[in-house]
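Open the model in a viewer and keep the selection panel at hand. The stops below go from strand to core to helix.

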Amino acid sequence: MHLACPKCAAVNRVPVERLSDNPVCGVCKTPIHAPSPFELTDLTFSSYIKHTEQPVIVDFWASWCGPCRMMAPQFELAAKQLPQVRFAKVDTDSEPQTASEYGIRSIPTIIVFNGGHEVARQAGAMRAPDILRWINATLAQ
């Protein structure tokens, strides 16, 4: 399985049976399969989405946004419960190019990417059970 590094965007090949061994990037040694959300930047976003074979759930957020701060621990809890899915965050203030490219008009907005393409999006804060239910329903289609 191919997984892109969230920090340097290097593409790493990891055997499926070794995903639970906490693999690290061969270039920068950053964990590439950690069970928690990680930050993507304008520089790493496209490569990460394109080269990661697992579904990727991206939370577009901002530090000043109350609902975003409320949902952050719920998003992290959901990430721990779905190890077969990657969870990422994009700070819309720090990474305006990616937010603009995906037409983010309200935050928080969560987008599901599968096979390098957007397959669903949901705006508004959600609790972990609602996030999990929405992701599972989206990926089951």
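**Starting at the central strand pair**

Select V56 and look across to β5: the residue opposite V56 is R86. Bear in mind throughout that this is a predicted model.

Now extend the selection to the whole of β4 and β5. The two strands run parallel and are joined by 6 bridges. Add residues 66-81, which are helix α2; together β4, α2 and β5 form a right-handed β-α-β unit.

Next, show β6 beside β4. These two strands pair in the antiparallel sense, over 5 bridges. To find one point of contact, pick V58, whose bridge partner in β6 is I111.

**The whole sheet**

Display the strands alone. An open sheet is formed by 5 strands in the order β3-β5-β4-β6-β7, with mixed pairing. Which strands are at the edges? They are β3 (38-39) and β7, each of which pairs on one side only. Moving from β6 to β7, the pairing is antiparallel and covers 6 bridges. Select I110 here and Q122 in β7 appears opposite.

**Both faces of β4**

Return to β4 and colour by accessibility. Is this strand mostly covered or mostly open? It is mostly covered, since 6 of its 6 residues are buried. V56, V58 and F60 are buried on one side, and I57, D59 and W61 are buried on the other.

**The nonpolar cores**

Show side chains for the largest nonpolar core, which has 21 residues. F45, V58 and F113 touch the most other members. Two or more residues come from each of α1 (45-51), β4 (56-61), β5 (86-91) and β6 (109-114). The biggest contribution is that of β4, with 4 residues.

Centre the view on V58 and list its contacts. Beyond the residues up to four places away in sequence, V58 touches F45, I49, F75, A88, V90, T109, I110, I111 and F113. There is also a second, separate core, made of 16 residues, among them M71, A78, L82 and F87.

**A loop residue: T92**

Select T92, in the loop between β5 and α3 (96-101). Does it count as buried or exposed? T92 counts as buried because its relative accessibility is 14%, and the cut-off for buried is under 20%. With neighbours within four places in sequence set aside, T92 is in contact with F60, W61, A62, A99, I104 and I107.

**Last stop: helix α4**

Select residues 128-140, helix α4. Measure from end to end between C-alpha atoms: the distance is 18 Å, which agrees with the 18 Å that 13 residues should span at 1.5 Å a residue.

Then mark A128, I131, L132, W134, I135 and T138, which are buried in α4. Turn the view to look down the helix axis: the buried residues of α4 fall within an arc of 165°, so they line one face of the helix. An α-helix has 3.6 residues a turn, so residues three or four places apart point the same way. On the face of α4 turned away from the buried side, select R133 and A140, which are exposed.

Finally, show what lies against the buried side. The buried residues of α4 pack against β4, α2, β5, β6 and β7 (117-123).

Note on methods: Residues numbered from 1 in each chain as written. Predicted model: local features only at pLDDT ≥ 70, side-chain atom pairs only at ≥ 80, totals over all residues. Heavy atoms only, no water. Core = buried A, V, L, I, M, F, W, Y, C linked by side-chain atoms within 4.5 Å. Buried < 20%, exposed > 50% of the residue type's maximum accessible area, 1.4 Å probe, protein only. Contact = heavy atoms within 4.5 Å. Pairing = 2+ DSSP bridges. Right-handed = clockwise from strand over helix to strand, strands pointing away. Expected span 1.5 Å × (residues − 1). Arc of directions from axis to C-beta.
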